Amino acid sequence: MKKNKIARVFHFDLHGTRDQKYEFLNQNSISTINWTELETAEPNNFFVKKDFTGSGQYEEGFKIDEFFKEYNNGIETGKDAFFYSFKKNELINKIVTAFQNKNETIRKY
């Protein structure tokens, strides 16, 4: 085992109906199943076989958190009571009134 490696990971796929799977498990044990050892790649450590072909080229790209330097929730107005309504006409009237009154209507919310 490699130094600093947590563990070796093995995988086995079993397809079929529930009855077929039970039958397989009844006829086998942990030592008779033809396990496949998985290559793990931190930080993901998948528990199924993965094809990492092209991962080097993928890693040459940028991470999304490096592209967006500031974290936020998008646009926030703090005026949910104004901008949300259960009735379409009520919302339209609020918006029309707000534009006619140059935002005096929005300030009270």
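**Exercise 1. In what order do the elements of the chain run from the N terminus on?**

Solution. The model is predicted. Counting elements comes before ordering them: the chain holds six helices and two strands. Read from the N terminus on, their order is β-α-β-α-α-α-α-α. Of the 109 residues in the chain, 8% are buried.

**Exercise 2. State where in the chain confidence is lowest and where it is highest.**

Solution. Start with the overall figures: the mean pLDDT of the chain is 82, and 88% of the residues score at least 70. Then go to the elements. Helix 1 (residues 18–27) has the highest confidence, at 97, while helix 6 (residues 104–107) has the lowest, at a mean of 60. A caution applies to the low end: where pLDDT is low, the predicted coordinates should not be read in detail.

**Exercise 3. Find the aromatic pairs and classify the one formed by Phe-12 and Phe-24.**

Solution. Searching the whole structure gives three aromatic pairs. In the pair of Phe-12 and Phe-24, the ring centres are 5.4 Å apart and the planes make an angle of 10°. Planes under 30 degrees apart count as stacked, so this pair is stacked. Next, place the two residues. Phe-12 is in the loop between strand 1 (9–11) and helix 1, Phe-24 is in helix 1, and the two are twelve residues apart, so the pair links distant parts of the chain. Phe-12 has a relative accessibility of 28% and therefore counts as partly exposed. Phe-24 is also partly exposed, because its relative accessible area is 23%. Finally, Trp-35 joins Phe-12 and Phe-24 in one aromatic cluster.

**Exercise 4. Is the pair of Phe-46 and Phe-52 stacked or tilted?**

Solution. The centres of Phe-46 and Phe-52 lie 6.2 Å apart, with 35° between the planes. Stacked requires under 30 degrees and edge-to-face over 60, so the pair is tilted. Phe-46 has a relative accessible area of 33% and is partly exposed; Phe-52, at 34%, is partly exposed. The ring of Phe-46 has a further contact: the charged end of Lys-50 sits over the ring, 4.7 Å from its centre.

**Exercise 5. Describe the largest pocket by its volume, lining and residue classes.**

Solution. The volume of the largest pocket is about 310 Å³. Its lining includes Ala-41, Glu-42, Pro-43, Asn-44 and Phe-52, and Phe-52 is a member of the tilted pair with Phe-46. Also in the lining are Ser-55, Tyr-58, Glu-59, Gly-61, Phe-62, Lys-63 and Glu-66. By element, helix 2 (residues 55–59) contributes most, with three residues. By class, the lining has five nonpolar, three polar and four charged residues.

**Exercise 6. Locate Ala-7 and decide whether Ala-7 is buried or partly exposed.**

Solution. Ala-7 is found in the segment before strand 1. Buried means under 20% relative accessible area and exposed means over 50%. Ala-7 has 37%, so Ala-7 is partly exposed. For a distance along the chain and in space, take Thr-40: Ala-7 and Thr-40 are 33 residues apart along the chain, and their C-alpha atoms are separated by 9.5 Å.

Technical notes. Residues are numbered from 1 along each chain as its sequence is written. This is a predicted model: local features need pLDDT of at least 70, side-chain atom pairs count only at pLDDT 80 or more; totals for chains, interfaces and linings use all residues. Side-chain values use heavy atoms; hydrogens and water are left out. On a 1 Å grid over the protein atoms alone, a cavity is a set of points where a 1.4 Å probe fits but cannot get out, and a pocket is an open set with protein on both sides within 12 Å along at least five of seven lines; lining residues have an atom within 4 Å of a point. Grid points are joined across faces, edges and corners, and a volume is the space filled by probe spheres set on the points. Helices (H or I, at least four residues) and strands (E, at least two) are DSSP runs, numbered from the N terminus. Ala, Val, Leu, Ile, Met, Phe, Trp, Tyr, Cys and Pro count as nonpolar, Asp, Glu, Lys and Arg as charged, and the others, Gly among them, as polar. pLDDT is the predictor's confidence in each residue, from 0 to 100. Rings of Phe, Tyr and Trp (its six-membered ring) pair if their centres lie within 6.5 Å; planes under 30 degrees apart count as stacked, over 60 as edge-to-face and the rest as tilted. Buried means under 20% relative accessible area, exposed over 50%, partly exposed in between (1.4 Å probe, protein chains only). A charge sits over a ring if NZ of Lys or CZ of Arg is within 6 Å of the ring centre and within 35 degrees of the ring normal.
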